[in-house]
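Here is a friendly walk through one protein chain, from its overall build to a few side chains worth a look at the bench. Have the viewer open as you read.

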Amino acid sequence: MESQSTEPIIRKATQIDLGDLLHMARTAFLQAFTSGNKPENVAAYLGEAFTLKQFEKELDNPASTFFVAELEGEIIGYTKVNLVPAQTDLHDPESLEIARLYVLEHHLGSGLGKKLLETAIAFAKQHQKKYLWLGVWEHNTRAIRFYEKNGLRIFGSHPFPFGDEVQTDYLMRIDF
């Protein structure tokens, strides 16, 4: 019997991953954003952005790529990157957007987020992009610190509709 690796494997997601990916994404989103937000806004956003139909559509989009981190057959983190035209804001053909980067709470601080970020950066370079950017909630100090520690800098902000309110996301980028 083969022993399983104790190191997570990062690979491109496929339609076969859809159910597990969605479950993990919803769990990680709730872990990250339940605190500090109205429950009805969290529920409304989950019902809009984290549905099987929405994830299926995103996985089918040739301008979007999901990378999953798998440990012993379980998805424990993922990142979704967007080329133009799937980008949410800048729509700069010289850039790659990280639309989402989530790691289950239990694996925070394990270096997995950094590996997912490095995967996204490698993907951007492979596609001859000049920089990578993302939006991060202004109150998500842990994520902001993580991105700054890994070389990203705030260069602006944009409004982010969340349920019945409009929040502010900082825009961060790293140039290659």
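Of the 176 residues in the protein chain of this predicted model, 45% count as buried. The chain exposes about 9500 Å², and carbon and sulfur atoms supply 52% of that area.

The secondary structure comes to 5 helices and 7 strands, and from the N terminus on the elements run β-α-α-α-β-β-β-α-β-α-β-β. With a radius of gyration of 16 Å, close to the 16 Å that the globule rule gives for 176 residues, the chain is as compact as a globular protein of that length. Along the principal axes, the C-alpha atoms fill a box of roughly 50 × 40 × 30 Å. Among contacts with a separation of 6 or more, 62% are between residues 24 or more positions apart.

Now to the interior. The largest nonpolar core has 52 residues, and Phe29, Phe50, Phe55, Tyr78, Leu132 and Tyr147 are those with the most contacts inside it. Helix α1 (residues 18-33) gives the largest share of this core, 8 residues. Leucine 132 is in contact with partners including Leu96, Ile98, Leu117, Met172 and Phe176, leaving aside its neighbours within four places in sequence.

Which strand holds threonine 79? This residue lies in strand β3 (residues 74-82), and at 0% relative accessibility threonine 79 counts as buried. A polar atom of its side chain lies 2.8 Å from the backbone oxygen of arginine 100. Not counting residues up to four places away in sequence, threonine 79 also touches others, among them Phe66, Ile98 and Leu116.

Side chains of opposite charge can pair when their charged atoms come close. The structure holds 9 salt bridges, including these:

| Basic partner | Acidic partner | N to O distance |
|---|---|---|
| Arginine 11 | Aspartate 17 | 2.8 Å |
| Arginine 100 | Glutamate 58 | 3.1 Å |
| Lysine 114 | Glutamate 118 | 3.4 Å |

Arginine 100 and glutamate 58 link distant parts of the chain: arginine 100 is in strand β4 (residues 95-103) and glutamate 58 in helix α3 (residues 52-60), 42 residues apart. Both arginine 100 and glutamate 58 are buried.

Lysine 114 and glutamate 118 are separated by about one helical turn, because they sit 4 residues apart in helix α4 (residues 112-126). Lysine 114 is partly exposed at 39% relative accessibility, and glutamate 118 is partly exposed at 42%. Elsewhere, salt bridges that share partners join Arg11, Asp17 and Glu70 into one network. In that network, arginine 11 is partly exposed, with a relative accessible area of 24%, whereas aspartate 17 counts as buried at 7%.

Definitions and conventions: Residues are numbered from 1 along each chain as its sequence is written. This is a predicted model: local features need pLDDT of at least 70, side-chain atom pairs count only at pLDDT 80 or more; totals for chains, interfaces and linings use all residues. Side-chain values use heavy atoms; hydrogens and water are left out. Helices (H or I, at least four residues) and strands (E, at least two) are DSSP runs, numbered from the N terminus. Buried means under 20% relative accessible area, exposed over 50%, partly exposed in between (1.4 Å probe, protein chains only). A polar contact is a pair of N or O atoms within 3.5 Å; within protein, one must be able to donate a hydrogen and the other to accept it, and residues adjacent in sequence count only if both atoms are side-chain atoms. Contact means heavy atoms within 4.5 Å. A nonpolar core is a set of buried Ala, Val, Leu, Ile, Met, Phe, Trp, Tyr and Cys residues joined through side-chain atoms within 4.5 Å. The radius of gyration is taken over C-alpha atoms; the globule rule is 2.2 Å times the number of residues to the power 0.38. Accessible areas come from the Shrake-Rupley method with a 1.4 Å probe; for residues, only the protein chains shown count as cover. A salt bridge is a side-chain nitrogen of Lys or Arg within 4 Å of a carboxyl oxygen of Asp or Glu.
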